[in-house]
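Welcome! Please take a moment to look over the sequence and the 3D view below before reading on.

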Amino acid sequence: MTDTFDSLPSTEDLRTRALDALTRLGATVPEGEGLRARTPITGEDLLGLRADTPEAAEDAVSAARAAFICWRTTPAPQRGQLVRRLGELLREHKAALAELITIEAGKIHSEALGEVQEMIDICDFAVGLSRQLYGRTIASERPGHRLAETWHPLGVVGVISAFNFPAAVWSWNTAVALVCGDTVVWKPSELTPLTSLGCAALLARAAEEVGAPADVHRLLLGDRTLAEVLVDDHRVALVSATGSTRMGREVGPRVAARFGRSLLELGGNNAAVVTSSADVDLAVRGIVFAAAGTAGQRCTTLRRLIVHTDVADQLTDRLVAAYRHLTLGNPFDSRTLVGPLISADSYRAMQDTLGAVRADGGEVLVGGGRNLNSQAPQAVYAEPAIVHLDRQTDRVRQETFAPILHVLTYSDLDEAIALQNDVPQGLSSSIFTNDQREAEYFLSAEGSDCGISNVNIGTSGAEIGGAFGGEKDTGGGRESGSDAWRAYMRSATNTINYSGRLTLAQNVNFL
């Protein structure tokens, strides 16, 4: 693998660039103690930030609840104007926000720009949605009666987001929640506080310019104790949490215990099936991006490749050759395809998995090492790995949030689908095939059990028009497009009697 460490910026340069980006975004930086902004590009701290307290979190929920009382009565198309203005500001400041994403999350810059574009896209979607919060009319069994279903704002939405999409996931929730008439309190990852300051500053500016209440959105910076306030506070109607399955097992029961709602986007262990009829050139391109993109740190990253025996050797050889030409290093350099891992813990997890796979008889075909650089000895640049296995082991059934692609083979499509489904997670899946029957079977009820099932593309790179989420240990939540908006509202069934007579349902006679 080649590298671009010759162009690696210094920590001081990255600090200057981050502060300049925040200035352009209109953000005030709360410098102080309690939280450190860090960059994985060099592995060093950028600056200290003042962390919020649990008491401040409770105050934020109170303010958001008070703002909701006003915001819920604002006509939905007017609420859409706030999101429209946010989308305009994102277009105007796309470069500055993408700069922060690359500095804090380590994404290559084209992916960071793509994340901001995703935010713009969801704003466009939500603005249209503000005029399409449709209910329905239902036929009544009683003469002179009408049944209707109406939708109303839900309340305060608590958003808990992860480092790997430090801005987009917030926007999915916030843009839709705001047009639905909700207010938002956001607890971002401790690893990406500067990006969240930039996002919050743009939304605050949009609110001021359109005359929306300032407290329709509140930001909390700090550790997990702030997230626990959102999880446990009965005034938070919906908790939308993105993270590990372990985190979801804590959040879900605690929210349910107070009869709140939760929307969980948890782990993925995604697979692609490559059939004997597949276009191998197309498959190679789709697989490499899905498996190595974002240094393997997407919930939709391709982690398992299930290949028909007829094309297994050819495809594996092509993939190994492609991996050897991946460029590792400075995510701001246009030559780079793979940036740093977020932390040394991620690399340790990667090595633990590779060790377990070797112990189970697997063979590492390429990658797996760490590229140490004298300019940034604390940063973690890991070479994406491909591992060949003769069976799906228990370790492979667990998600490792690092760039490891496990290759398995099959001879019958039912066998491939069984392998695809034989993991606890159920987020994303794909099949590469030129046989329509294979494609349709994979998409059927007998096929993939995931929330996302693709044909002739990889497992990552979802569009905002479709609902995003998965099944099983992935949590069952749905965000972004389609009718995911319903999670942010409450429905009411209305019976309207215009007959002038009281007629009971089911022909009941009482008086």
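What follows is a short tour of sheets, a hairpin, a salt bridge and some hollow spaces. Please keep in mind that this is a predicted model.

## The parallel sheet

A good place to start is an open sheet built from 5 strands, whose pairing is parallel. Reading across the sheet, the order is E8-E7-E6-E9-E10. Strand E8, at residues 217-219, and strand E10, at residues 261-265, are the edge strands, and each of them pairs on one side only. From one strand to the next, the twist averages 15°.

You can look more closely at one pair here. Strand E9 covers residues 236-242 and runs parallel to E10, with 5 bridges joining the two. If you would like a spot to find in the viewer, try alanine 241, which stands opposite leucine 264 in E10. Helix H8, made of residues 224-232, packs on the sheet. This helix touches strand E6 (156-160), strand E7 (183-187) and E9, and its direction makes about 145° with that of E6.

## A hairpin earlier in the chain

Now turn to strand E2 (residues 34-39) and strand E3 (residues 44-50), which run antiparallel and are joined by 6 bridges. Within this pair, leucine 35 stands opposite leucine 49 in E3.

The two strands form a hairpin with 4 residues between them. Which residue takes a positive phi in this hairpin? It is glycine 43, with a phi near 75°.

## Salt bridges

How many salt bridges does the count come to? The total is 32 salt bridges. One to look for is formed by the side chains of aspartate 20 and arginine 24, which meet at 3.1 Å, N to O.

Both residues belong to helix H1, which spans residues 11-25. Aspartate 20 and arginine 24 are separated by about one helical turn because they are 4 residues apart in H1.

## Enclosed cavities

A search of the whole structure turns up 2 cavities of 30 Å³ or more. The largest cavity has a volume of about 70 Å³. Its lining includes Ala105, Gly106, Lys107 and Ile108, as well as Phe163 and Asn164. Thr294, Ala295, Gln297, Gly339 and Pro340 also line the largest cavity. By class, this lining has 5 nonpolar, 5 polar and 1 charged residues.

The second largest cavity has a volume of about 40 Å³. Among the residues that line the second largest cavity are Asn269, Arg303, Thr353, Arg395 and His406. Its lining divides into 2 nonpolar, 5 polar and 3 charged residues.

## An open pocket

To finish, here is a pocket rather than a cavity. The second largest pocket holds about 430 Å³ of space and is lined by 22 residues. Of these, Leu197, Ala200, Arg218, Leu219 and Leu220 lie nearest the centre of the pocket.

Which elements give two or more residues to the lining of this pocket? They are helix H2 (54-71), helix H7 (193-210) and E8, which is also one of the edge strands of the parallel sheet. H7 supplies the largest share of the lining, 6 residues. Sorted by class, the lining of the second largest pocket has 17 nonpolar, 2 polar and 3 charged residues.

How values were computed:
Residues are numbered from 1 along each chain as its sequence is written. This is a predicted model: local features need pLDDT of at least 70, side-chain atom pairs count only at pLDDT 80 or more; totals for chains, interfaces and linings use all residues. Side-chain values use heavy atoms; hydrogens and water are left out. Two strands pair if DSSP finds at least two bridges between them. Axes are lines fitted to C-alpha atoms, for helices over the stretch in contact, and angles run from 0 to 180 degrees between N-to-C directions. Contact means heavy atoms within 4.5 Å. On a 1 Å grid over the protein atoms alone, a cavity is a set of points where a 1.4 Å probe fits but cannot get out, and a pocket is an open set with protein on both sides within 12 Å along at least five of seven lines; lining residues have an atom within 4 Å of a point. Grid points are joined across faces, edges and corners, and a volume is the space filled by probe spheres set on the points. Ala, Val, Leu, Ile, Met, Phe, Trp, Tyr, Cys and Pro count as nonpolar, Asp, Glu, Lys and Arg as charged, and the others, Gly among them, as polar. A salt bridge is a side-chain nitrogen of Lys or Arg within 4 Å of a carboxyl oxygen of Asp or Glu.
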